[in-house]
Amino acid sequence: MHNHSILIALLLTLTPLTACGVLSAERNVPVTKAAVKIPPARAIPENSDAGEAAIRFLENRVKGDPDDIVAHNRLGGYYLQRLRETGNVTWLELATRTAQASLRAVPAEQNPGGLALLAQTEFAAHNFNAARDAATQLLSIRHWQDANRSFPHQMLGDALLELGDYDGAEEAYRQMKKSGSGVAVITRLAHLAWLKGKPNEAQQLYGEALSLATEQVPPARETVAWCRWQLGELAFATGDYETAEKHYADALITFPNYFRALAGLGRARAARGDLTGGIEQYEQAVRIIPEPVFVAALGDLYAQAGRARESAAQYALVEQTAKLSAASGVLYNRQLALFYADHDLNPQQAYEQAAKEYEARRDIYGADALAWTALKAGRVSEAQNSITEALRLGTQDARLFYHAGVIARAAGDRQAARNYLQRALNISPQFDPLQSSFARKLLAE
C-alpha cells in the first residue's frame with residue numbers, strides 16, 4: 001500500500017457527527033503506545049546497479065521486439081519501483097506508456113500481466129475509477145486469477161478505498177487475506193484500522209508488517225523504509241513526536257535520502273520546537289522531489305522563522321509544481337486546493353477543484369477538502385454537510401477536527417467549535433505549523 005497514503009499515500013465505525021453537534025465523551029479515544037516489537041534499524045543495500053541494468057536490458061528488448069509482453073510487463077514493474085523510491089512522476093509516465101504498449105501488442109484476455117500493470121499505473125496516477133475497472137476485469141480472467149488470487153483483490157480494494165467505498169474495500173481485503181497474511185495484507189488492514197478510529201490497532205499491525213518485511217530474504221529496502229515511515233506518520237498523527245522522529249530516522253538508516261522520511265523528520269523536528277532542524281530536513285526533501293505538500297510545509301516553516309521572501313518563493317513553487325504536467329495536475333489537485341484554503345488564496349478556484357474531484361472520489365479526505373474549501377468560499381452550509389461526511393468513520397485525525405471546529409464557529413455554534421478545536425489539539429497539538437497555532441488562538445477566544 002505504498003501510495004497514498006499518502007499521506008502519507010498512504011489511512012471504518014462510529015455514528016456520524018453533525019458538523020455543529022457537541023462532541024460526546026465516548027468519541028475521545030485514548031491513544032497509547034501499543035506493545036509493538038520494532039526490529040532495530042539497519043542499512044539495506046540498494047542494488048541499484050542490478051535494477052538499472054535490468055531496465056536498460058528490458059528497454060532494449062522491447063525496442064527490438066515491441067510484441068514481447070513479458071519484457072514490457074517486467075519493465076513496467078521496474079518503473080513503478082523507481083516511482084515508489086523517488087516520487088518522480090516521470091517514472092509513472094514511463095510505466096503508463098509501457099502498460100499501454102503491452103496491451104496494444106496482446107489484448108488483456110491473453111495478457112493479464114499487462115492489465116495488472118495498467119491497474120497499478122492508473123492507481124498511481126489517481127485514476128481510481130479506471131484502476132477499479134481494471135481490477136474487476138482481472139477478476140474475470142479465471143485462468144490468471146487461479147494463479148494470482150491475491151493481487152486483483154488487492155488492487156480492487158485499494159481503488160475502492162480511495163473512491164470512498166470502505167465496505168467494498170474491506171471485503172476485497174478479506175478476500176485477499178484468504179491467500180495469506182503477508183506485508184501487503186497487514187498494511188492494508190492497518191490503514192483500515194486508522195480510518196476506523198483505532199490508532200493502537202493500526203500501530204500494532206504496522207509493527208507486524210515491518211517485522212515481516214525485515215525477515216524477507218533479501219529484504220526490500222523501500223518496503224522496510226516505507227513501513228518505518230508509516231509508523232512515524234501514525235506516531236505523529238497521535239501527537240507522539242519523539243517516537244515519530246525515531247521512526248523517520250530509522251527509515252533513513254534503512255534507505256538514506258528517502259524523500260518521505262526526510263519530510264517526516266522535518267515535520268517531527270519542527271513539532272518538537274527545532275525549527276532550524278525542521279527546515280533543513282524539508283530542504284533536503286524538496287531538493288529530491290518538490291512535491292507540493294513538502295514545498296508548502298517548507299514555506300510555512302520559513303514563515304514561522306521570519307524568512308518572508310523565502311516563504312513566498314516556496315508558495316509560488318507549490319502552484320508551479322502542481323501545474324507542471326497533466327499527470328501532476330491529477331496527482332496534486334487536492335493538495336493544491338487545500339494549500340489555497342490553508343493560506344486564504346483563490347477561494348473559488350480551490351472550492352471548484354475540490355468539488356470536481358469529490359464528484360468522482362468520495363472518500364472522507366475528499367469530503368474534508370470540500371468542506372474546508374467551501375468554508376473559505378463562503379459556503380458555510382455546504383461546509384457543514386461535507387465535514388459531517390468527513391467525520392463519519394470516526395477517524396482520529398486532528399486536522400479533521402480542526403476543520404470541523406472552524407466550520408462550527410463560522411456557523412455560530414461556539415460550544416461545538418470549542419469541543420472540536422480542543423479535540424484536535426488533544427490528539428496532536430502541533431498537527432500543522434500554522435493551522436495548529438490558529439486553532440489555539442481560536443480556542444483562546
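Let me start with the pair α11 and α12, which run roughly antiparallel to each other, and I should say at once that this is a predicted model. The axes of α11 and helix α12, the latter covering residues 241–254, come within 7 Å and cross at roughly 170°, and because angles over 145 degrees count as roughly antiparallel, that is the description the pair receives. On the α11 side the contact is made by residues including Arg221, Val224, Trp229 and Phe236, while α12 contributes, among them, Tyr241, His247, Tyr248 and Thr254. Sorted by class, this contact of α11 with α12 has 10 nonpolar, four polar and four charged residues.

Now to the interior of the protein. The largest nonpolar core has 139 residues, and the residues with the most contacts inside this core are Leu195, Tyr258, Phe294 and Tyr402. Helix α11, which spans residues 221–237, gives the most to this core, with 10 residues.

If you put Tyr258 on the screen, leaving out residues up to four places away in sequence, you will find that Tyr258 touches Arg84, Glu85, Glu222, Ala225, Trp226, Trp229 and Leu252. Two of the names in that list, Ala225 and Trp229, also belong to the α11 side of the contact with α12.

For the chain as a whole, there are 23 helices and zero strands, and buried residues make up 55% of the 445 residues. The accessible surface comes to about 18600 Å², of which 51% belongs to carbon and sulfur atoms.

I would like to finish with two individual residues. Is Gln154, a residue of helix α7, buried or exposed? Gln154 has a relative accessibility of 16%, and since buried means under 20%, Gln154 counts as buried. Apart from residues up to four places away in sequence, Gln154 touches Tyr173, Met176, Ala184 and Arg188.

The second residue is Leu345, which sits in the loop between α17, residues 326–342, and α18, residues 347–360. Leu345 has a relative accessible area of 33% and is therefore partly exposed, that class lying between the 20% limit for buried and the 50% limit for exposed. Setting aside neighbours within four places in sequence, Leu345 is in contact with Phe339 and Tyr340. The C-alpha atoms of Leu345 and Lys376 are separated by 8.9 Å, although these two residues are 31 residues apart along the chain.

Methods
Residues are numbered from 1 along each chain as its sequence is written. This is a predicted model: local features need pLDDT of at least 70, side-chain atom pairs count only at pLDDT 80 or more; totals for chains, interfaces and linings use all residues. Side-chain values use heavy atoms; hydrogens and water are left out. Helices (H or I, at least four residues) and strands (E, at least two) are DSSP runs, numbered from the N terminus. Buried means under 20% relative accessible area, exposed over 50%, partly exposed in between (1.4 Å probe, protein chains only). Accessible areas come from the Shrake-Rupley method with a 1.4 Å probe; for residues, only the protein chains shown count as cover. A nonpolar core is a set of buried Ala, Val, Leu, Ile, Met, Phe, Trp, Tyr and Cys residues joined through side-chain atoms within 4.5 Å. Contact means heavy atoms within 4.5 Å. Axes are lines fitted to C-alpha atoms, for helices over the stretch in contact, and angles run from 0 to 180 degrees between N-to-C directions. Angles under 35 degrees count as roughly parallel, over 145 as roughly antiparallel, 65 to 115 as roughly perpendicular and the rest as oblique. Ala, Val, Leu, Ile, Met, Phe, Trp, Tyr, Cys and Pro count as nonpolar, Asp, Glu, Lys and Arg as charged, and the others, Gly among them, as polar.
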